[in-house]
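Keep the structure open in the viewer and follow the selections in order. Each stop gives what to select and what is there.

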Amino acid sequence: MHIDRLELTNYRNYESLTLEFSPTINVFIGENAQGKTNIMESLYVLSMAKSHRTSNDKELIRWSEEYGKIKGDVSKKYGHLPLELTLSKKGKKARVNHLEQSRLSDYIGQLNVVMFAPEDLNLVKGSPQVRRRFLDMEIGQISPVYLHDLLTFQKLLKQRNHILKTHQGKSSLNDVMFDVYTDQYIQAAVSVIRKRFEFMELLQKWAEPIHLGISRGLEKLDIRYCPVSGLNRDASFEEMVDILEQKLKDGRSQELARGLTLVGPHRDDLQFYVNDYDVQTYGSQGQQRTTALSLKLAEIELIKQEVGESPVLLLDDVLSELDDYRQSHLLNTIQGEVQTFVTTTSVEGIDHETIRQAAMFHVKQGHVEKGA
């Protein structure tokens with residue numbers, strides 16, 4: 001799939017912007033704080049209906065305006081698909097092929113993207129929250145069922161936490177609604193955890209050979225999903241429900257003391273091992289970056305396998321963060337295969353045929369010009 005055209009209205013620093021893209025490589029060149037990343041972010045928001053930079057949608061709307069709009073024309077294997085997302089203080093409205101979608105979960109997945117930004121290098125060494133977000137965003141693109149289960153889980157977690165907070169410090173809790181929420185919470189949590197296990201198996205399948213290639217055959221990557229509940233991938237749904245139920249019973253006094261839910265997918269994590277060593281703790285910066293790059297390239301292959309066509313790749317100021325070898329490996333991988341958007345302050349020093357064939361866009365103070 002690829003994006004043919006983008007229209008922005010009142011988005012960040014753009015009052016009005018229309019761009020037409022190459023189906024291969026598109027490079028946005030400009031100094032920092034000129035609006036390059038805003039364009040990249042708008043493509044991500046067009047796909048995911050949320051930003052990778054902020055959770056506050058109001059920040060996406062141009063200052064003093066009532067609404068912002070992103071429109072994109074997407075080409076997929078079965079034809080042309082117009083997408084539209086309107087952002088306002090009242091919320092979001094999404095249209096697919098000019099038809100308004102009643103649920104955002106029906107919109108997400110129409111355009112698949114893989115974003116690789118400098119903060120993604122923190123995927124390995126950053127907080128567990130970064131890795132959970134990575135899981136949720138990527139699985140959500142290829143599984144509407146996962147999005148539904150995740151939203152259900154988050155709603156029940158909020159309700160359960162509210163009751164725990166109101167009873168914080170007490171020695172016991174006798175609340176019928178709490179028991180109902182807990183039963184529903186367990187079901188939703190197990191659904192989320194099982195889907196994450198499935199996704200990790202697929203990601204491992206693609207990431208291991210990619211990492212081996214980038215490391216010149218020297219490093220074997222192993223990715224592990226680590227639920228705090230101690231649930232095992234091989235357990236049945238019913239067994240997982242029983243285990244999680246027992247964990248919550250055993251931890252009830254601790255939950256009451258803290259006033260929040262302590263066991264569930266909202267506290268799980270990923271671990272990365274290279275040659276059986278924990279990369280987060282013992283890996284060099286180079287190994288950590290190779291691991292992050294392997295994950296992103298594996299995402300491309302995984303989405304391609306699951307949806308039947310390649311996603312769009314967004315490289316936001318990341319080429320300058322990679323050494324020449326990793327940079328070349330990345331560009332060789334995407335050459336002619338994946339529509340790619342790149343932001344950079346300069347293409348000097350990037351000696352690669354892929355960049356030489358790119359459509360170039362020069363960005364300065366919110367103005368974009370296409371040219372050499």
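Select Gly336, which follows H11 and has a positive phi, near 75°. The model is predicted, and the angles and distances on this tour are computed from it.

Step back to helix H11 itself, residues 324–334. Its buried residues are Arg326, Gln327, Leu330, Leu331 and Ile334. They lie on the same side of H11, because they cover an arc of only 130° around the axis. In an α-helix there are 3.6 residues a turn, so residues three or four places apart point the same way.

What covers that buried side? Show strand E3 (25–29), H6, helix H10 (285–307), strand E12 (312–316), strand E13 (340–344) and helix H12 (353–356), which are included in the cover over the buried residues of H11.

Stay with Arg326 and add Asp323 to the selection. The two form a salt bridge, with the closest N and O atoms 2.3 Å apart. Arg326 has a relative accessible area of 15% and is therefore buried, whereas Asp323, at 35%, is partly exposed. Side chains of opposite charge can pair when their charged atoms come close.

The search of the whole structure finds 22 salt bridges. For another one, select Arg224 and Asp222, whose side chains meet at 2.7 Å, N to O. Arg224 counts as partly exposed, with 33% relative accessibility.

Next, select Lys69, Glu84, Arg95 and Glu100 together; salt bridges link these residues in a network. Within the network, zoom in on Glu100 and Arg95, where the closest N and O atoms of the salt bridge are 3.7 Å apart. Are these two residues buried or exposed? Glu100 is partly exposed at 44% relative accessibility, and Arg95 is partly exposed too, at 32%.

Move to Asn38, in helix H1 (residues 36–48). Asn38 counts as buried because its relative accessibility is 11%, and the cut-off for buried is under 20%. Leaving aside residues up to four places away in sequence, Asn38 touches Tyr11, Arg12, Asn13, Tyr14 and Arg53. Two of these contacts can be drawn as side-chain polar contacts: Asn38 to Asn13 at 2.8 Å, and Asn38 to Arg53 at 3.0 Å. To cross the model, draw a line from the C-alpha atom of Asn38 to that of Val274, 236 residues apart along the chain; the separation is 35 Å.

Now look at backbone angles. Most residues other than glycine have a negative phi. Which phi does Asn275 have? Asn275 is not a glycine, but its phi is positive, about 50°. Asn275 is found in the loop between strand E10 (269–274) and strand E11 (277–278), and is partly exposed at 35% relative accessibility.

Select Ser64 for another case: its phi is positive, about 75°, although it is not a glycine. Ser64 sits in the loop between H1 and strand E4 (67–76). With 57% relative accessibility, Ser64 counts as exposed.

For the last stop, turn to the surface and select Val176, Met177 and Val180. These residues make a nonpolar surface patch of about 260 Å². Val180 belongs to helix H6 (residues 176–214) and is partly exposed, at 33% relative accessibility. H6 was also shown earlier, as part of what covers the buried residues of H11.

Technical notes:
Residues are numbered from 1 along each chain as its sequence is written. This is a predicted model: local features need pLDDT of at least 70, side-chain atom pairs count only at pLDDT 80 or more; totals for chains, interfaces and linings use all residues. Side-chain values use heavy atoms; hydrogens and water are left out. Patches are made of residues with over 30% relative accessible area and no salt bridge: like charges are joined within 9 Å, nonpolar side chains (Val, Leu, Ile, Met, Phe, Trp, Tyr) within 5 Å. Accessible areas come from the Shrake-Rupley method with a 1.4 Å probe; for residues, only the protein chains shown count as cover. A salt bridge is a side-chain nitrogen of Lys or Arg within 4 Å of a carboxyl oxygen of Asp or Glu. Helices (H or I, at least four residues) and strands (E, at least two) are DSSP runs, numbered from the N terminus. Buried means under 20% relative accessible area, exposed over 50%, partly exposed in between (1.4 Å probe, protein chains only). Contact means heavy atoms within 4.5 Å. A polar contact is a pair of N or O atoms within 3.5 Å; within protein, one must be able to donate a hydrogen and the other to accept it, and residues adjacent in sequence count only if both atoms are side-chain atoms. The arc is that of the directions from the helix axis to the C-beta atoms.
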